[in-house]
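Q: I have a structure in front of me and would like to learn how to read it. Where should a newcomer begin?

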Amino acid sequence: VFHYNLDIGLLKPGDHADCILVNNLEEFKVIQTYINGELVAENGRSNIKTTTSDIINNFNCSEKNVEDFDMPEAGGALPVIEALDGQLITNKIFAEPGIENDVLKIVVVNRYKDAPVAKAFIKNTGLKQGALASSVAHDSHNIVAVGVDDESLCRAVNLIIQHKGGVSCVNDSLEMVLPLPVAGLMSNEDGYRVAEMYSLIDRAAKDAGATLASPFMTLSFMALLVIPHLKLSDLGLF
């Protein structure tokens with residue numbers, strides 16, 4: 001507040017009463033939340049009424065074919081994005097692709113128009129089967145996906161395209177998707193239901209071998225070109 005010289009958050013007369021009540025300053029368990037002086041949440045339950053939202057979106061790409069994810073074989077080590085758990089920064093390493101090396105194919109699919117699929121490789125996802133995909137992919141929010149084979153990648157990506165946004169997880173016996181139809185980034189469903197669905201799809205990703213604490217969160221930053229050292233855009237490695 002003081003650093004940016006903003007005239008808010010000073011707890012002075014006339015200010016909006018935006019505040020929380022906590023049990024103590026060590027555990028910091030929130031008991032009540034107030035917005036504009038109104039009690040909006042108490043003891044972990046929201047008092048805010050659920051509202052519906054019109055679908056605002058821009059999703060104009062066609063479903064993909066397995067052949068769209070094919071990548072010519074190249075011998076030896078290739079440039080690889082090394083994902084670091086809990087970090088936005090990635091390392092640029094050289095490694096040979098393969099599940100045994102935990103080096104899998106990662107793709108970015110332009111969601112705004114039909115365009116060639118950008119492909120590269122990523123290390124440290126831990127995935128042993130199937131694929132994960134998401135339209136939450138900062139900053140352009142194209143579709144980003146990682147998988148053990150092209151068939152799985154295609155299925156995971158097409159689930160996102162069919163629902164015009166979301167996160168998906170597929171394997172030999174499973175297809176799961178959490179739709180995010182509002183801009184491909186948000187849901188217009190009840191927040192508690194969305195949280196439950198996200199927990200289930202996160203669990204499915206980890207059951208498929210994902211070793212990252214937040215597989216979909218990490219995946220969402222693999223197309224964020226402004227963060228070093230190696231990322232994948234819809235036009236290729238950057």
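A: This is a predicted model. Begin with a helix packed on strands: helix α2, residues 191-207, lies across β9, β11 and β12. Its direction makes an angle of about 145° with β12.

Q: Which strands does helix α1 lie across?

A: Helix α1 covers residues 150-162 and lies across β7, β9, β10, β11 and β12. Relative to β11 it runs at about 150°.

Q: How do strands form a sheet, and what is the order of the strands in the open sheet here?

A: Strands of a sheet pair through backbone hydrogen bonds, either parallel or antiparallel. In this model an open sheet of 8 strands has the order β6-β5-β8-β7-β10-β9-β11-β12. The pairing in this sheet is mixed.

Q: Which strands stand at the edges?

A: The edges are β6 (90-95) and β12 (174-179). Each has a single partner strand, so one side of each is left without a neighbour in the sheet. As for the twist, neighbouring strands of this sheet are turned by 25° against each other on average, direction ignored.

Q: In what sense do β7 and β8 pair?

A: Strand β7 (residues 103-109) and strand β8 (residues 118-123) are antiparallel, and the pairing runs over 6 bridges. To follow one pair by eye, take Val-107: its bridge partner in β8 is Lys-119.

Q: Now the side chains. What is the idea behind a salt bridge, and how many salt bridges does the count come to?

A: Side chains of opposite charge can pair when their charged atoms come close. Here the count comes to 6 salt bridges. One of them joins Asp-150 and Lys-105, at 2.9 Å from N to O. Asp-150 lies in helix α1 and Lys-105 in strand β7, so this pair ties together parts that are 45 residues apart in sequence.

Q: Are Asp-150 and Lys-105 buried or exposed?

A: Both Asp-150 and Lys-105 are buried.

Q: Where in the chain do Lys-64 and Asp-114 lie?

A: Lys-64 forms a salt bridge with Asp-114, and their closest N and O atoms are 3.6 Å apart. Lys-64 is in the loop between β4 and β5, while Asp-114 is in the loop between β7 and β8. The two residues are 50 residues apart, and the pair links distant parts of the chain. Lys-64 has 8% relative accessibility and counts as buried, whereas Asp-114 is partly exposed at 47%.

Q: Which helix holds Glu-196 and Arg-193?

A: Both lie in helix α2, 3 residues apart, which is about one turn of the helix. The side chains of Glu-196 and Arg-193 meet in a salt bridge, with 3.6 Å from N to O. Glu-196 is partly exposed, with a relative accessible area of 45%. Arg-193 is partly exposed too, at 41% relative accessibility.

Q: What separation do the C-alpha atoms of Asp-54 and Val-182 have?

A: Their C-alpha atoms are separated by 7.9 Å, although Asp-54 and Val-182 are 128 residues apart along the chain. Asp-54 lies in the loop between β4 (45-46) and β5 (78-83). With a relative accessible area of 65%, Asp-54 is exposed.

Q: What should I expect of the backbone, and which peptide bond near His-138 is cis?

A: Most residues other than glycine have a negative phi, and most peptide bonds are trans. In this model the peptide bond from His-138 to Asp-139 is cis, with omega near 0°. Asp-139 is found in the loop between β9 and β10. The peptide bond from Pro-228 to His-229 is also cis, with omega near 5°. His-229 lies in the loop between α3 (215-220) and β13 (232-233).

Q: What phi does Asn-43 have?

A: Asn-43 has a positive phi of about 50°, although it is not a glycine. Asn-43 belongs to the loop between β3 (38-42) and β4, and it is exposed, with a relative accessible area of 57%. Ala-183 has a positive phi near 60°. Ala-183 sits in the loop between β12 and α2 and is partly exposed, at a relative accessible area of 25%.

Note on methods:
Residues numbered from 1 in each chain as written. Predicted model: local features only at pLDDT ≥ 70, side-chain atom pairs only at ≥ 80, totals over all residues. Heavy atoms only, no water. Pairing = 2+ DSSP bridges. Helix = DSSP H or I, 4+ residues; strand = E, 2+ residues; numbered from the N terminus. Axes fitted to C-alpha atoms, helices over the stretch in contact; angles between N-to-C directions. Contact = heavy atoms within 4.5 Å. Buried < 20%, exposed > 50% of the residue type's maximum accessible area, 1.4 Å probe, protein only. Salt bridge = Lys/Arg side-chain N within 4 Å of Asp/Glu carboxyl O.
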